[in-house]
Amino acid sequence: LGGLEIWHDGRMHIHRHLGDPDRFLGLRPTPTVQGLFGDPKARIVCLQRRRKKTACGTCGHSQRGWYDRKIRRVRDRPCGDTRIYLALEMRRVDCKMCGTVKQETLEWLADNPFYTKRFVFFVGRRCRAMPITDVAEETRLGWKTIKALEQEYMREQLRRAGKPAPKVIGIDEISIRKGHTYRIVVSDLEKRRPIWFGGKDRSEASMDEFYKLLGPTRSKRIRLAVMDRWKPFRHSTLKPEHASQAAILFDKFHVLRHLGEALDTVRKTEYTRLTGKDRCFIKGQKYTLLSHPENLKPDGRRRLRLLLKANRRLNTAYLLKEEFGTLWDYRRESWARRFFETWRESLEWQRLTPYEKFAEMIDRHWDGLAAYCKPENKVALGFVEGVNNKIHVIQRRSYGLRDEEYLRLKILTCMLDPI
């Protein structure tokens, strides 16, 4: 119970610490606790008034006396497996400043005055790792009540995090349900947290909503925007009233995904060309080719060596794919361009048409790749994909979320420290 220690004989020993955040301002606990009929694991702590004055909950004006009063039972943070309730006197005052009867406000109570703020924080921390149903069963509260308390907890997290003022952003879309229903997620790559979730789709108008919320002053501070090759994101970012000064950087993992698709197309072509026993080396080896060698198990590495030894064209395509990944290691654009031109020349006489199309795509969007060569643009490119994976985990754990506002809060607070 924070500053209170409950003994088995019903007495309480009170620890008094200067600046103790668990103290009840204006109230003090009585030296005894009471049981709750029908709940053997519940205890009631009575709080007594320490002040004669009562403050108006609207204007904050303090005055002596009260209009009326009543005893309210408030749920507090548990002590072990014991549920704690606080019994306190709630007052209403006939405020002279407001000219009407108002109820007092206690700052340590939650938005729902039947719960303390620290109980809200307790529920919020539980919900970060557990489904709402399990938390409701543990606390013996309703599912809707737990959801409302968790939302209050997440709003407090966002309030403490402050308004975002990003300099490096990552932009990506996420599917929230079937039927191509998308929402845009914008992340601050320096502070490593999502800062915006919204829009009605992945259009340019939806992207404009983010910059409108951010404002022209903070938008002009953005120096780098990481995204895929989706044109509406790029067009919205480069508008003069938004972040036209920002450099556009294409996400490495989206680029390599296109190269992986080109390699898979070569694999399918080779499977169609071959007949008989020669097909057994290629069949079922899609993810063996696309996976990073370090992520393969010993059996996968053995099958990969056997496949590359059996098929020369797949061996060439695989080596070219692995070699292209070193493009992001260069620190100067001229060196990176020279590497790309050499890599592109090595495609001659190889009859790898999907790779030639991929090289043409890279040549058209070269500026979006060359920006990574600058030392100040060496940011964590995998963070955006990591956030997407975390969102998928949230959706899968909840078996889908229909409340979009709740999903927004879950996404924006998933990388924040717990309160």
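The paragraphs below lead through a predicted model, from its nonpolar cores to a buried lysine and then to a pocket.

A good place to begin is the interior, since in soluble globular proteins nonpolar side chains tend to be buried together. The largest nonpolar core here has 93 residues, and those with the most contacts inside it are Ile-171, Val-186, Phe-210, Phe-324, Trp-343, Tyr-355 and Ile-362. Helix H1, which covers residues 117-129, contributes the largest share of this core, namely six residues. Apart from this core lies another one, of 13 residues, which includes Val-74, Leu-86, Met-90 and Leu-109.

Tyr-355 offers a way into the surroundings of the larger set: leaving aside neighbours within four places in sequence, Tyr-355 is in contact with ten residues' worth of partners such as Leu-259, Leu-263, Trp-343 and Lys-321, among them.

Lys-321 belongs to helix H10, residues 312-324. Is Lys-321 buried or exposed? Its relative accessible area is 12%, and because buried means under 20%, Lys-321 counts as buried. Beyond residues up to four places away in sequence, Lys-321 touches Leu-259, Leu-263, Leu-289, Leu-290 and Tyr-355, while its side chain makes a polar contact of 2.8 Å with the side chain of Glu-322.

Leu-290 also leads to the largest pocket, which has a volume of about 580 Å³, for Leu-290 is listed with Lys-252, Phe-253, Leu-256 and Arg-257 as the closest to its centre of the 23 lining residues. Helix H7 (252-273) gives the most to this lining, with nine residues, and the lining as a whole has four nonpolar, seven polar and 12 charged residues.

Conventions
Residues numbered from 1 in each chain as written. Predicted model: local features only at pLDDT ≥ 70, side-chain atom pairs only at ≥ 80, totals over all residues. Heavy atoms only, no water. Core = buried A, V, L, I, M, F, W, Y, C linked by side-chain atoms within 4.5 Å. Buried < 20%, exposed > 50% of the residue type's maximum accessible area, 1.4 Å probe, protein only. Helix = DSSP H or I, 4+ residues; strand = E, 2+ residues; numbered from the N terminus. Contact = heavy atoms within 4.5 Å. Polar contact = N/O pair within 3.5 Å; in protein donor to acceptor, adjacent residues only side chain to side chain. 1 Å grid on protein atoms, 1.4 Å probe; cavity = no way out; pocket = protein on both sides within 12 Å on 5 of 7 lines; lining within 4 Å. Points joined across faces, edges and corners; volume = space filled by probe spheres on them. Nonpolar A, V, L, I, M, F, W, Y, C, P; charged D, E, K, R; others polar.
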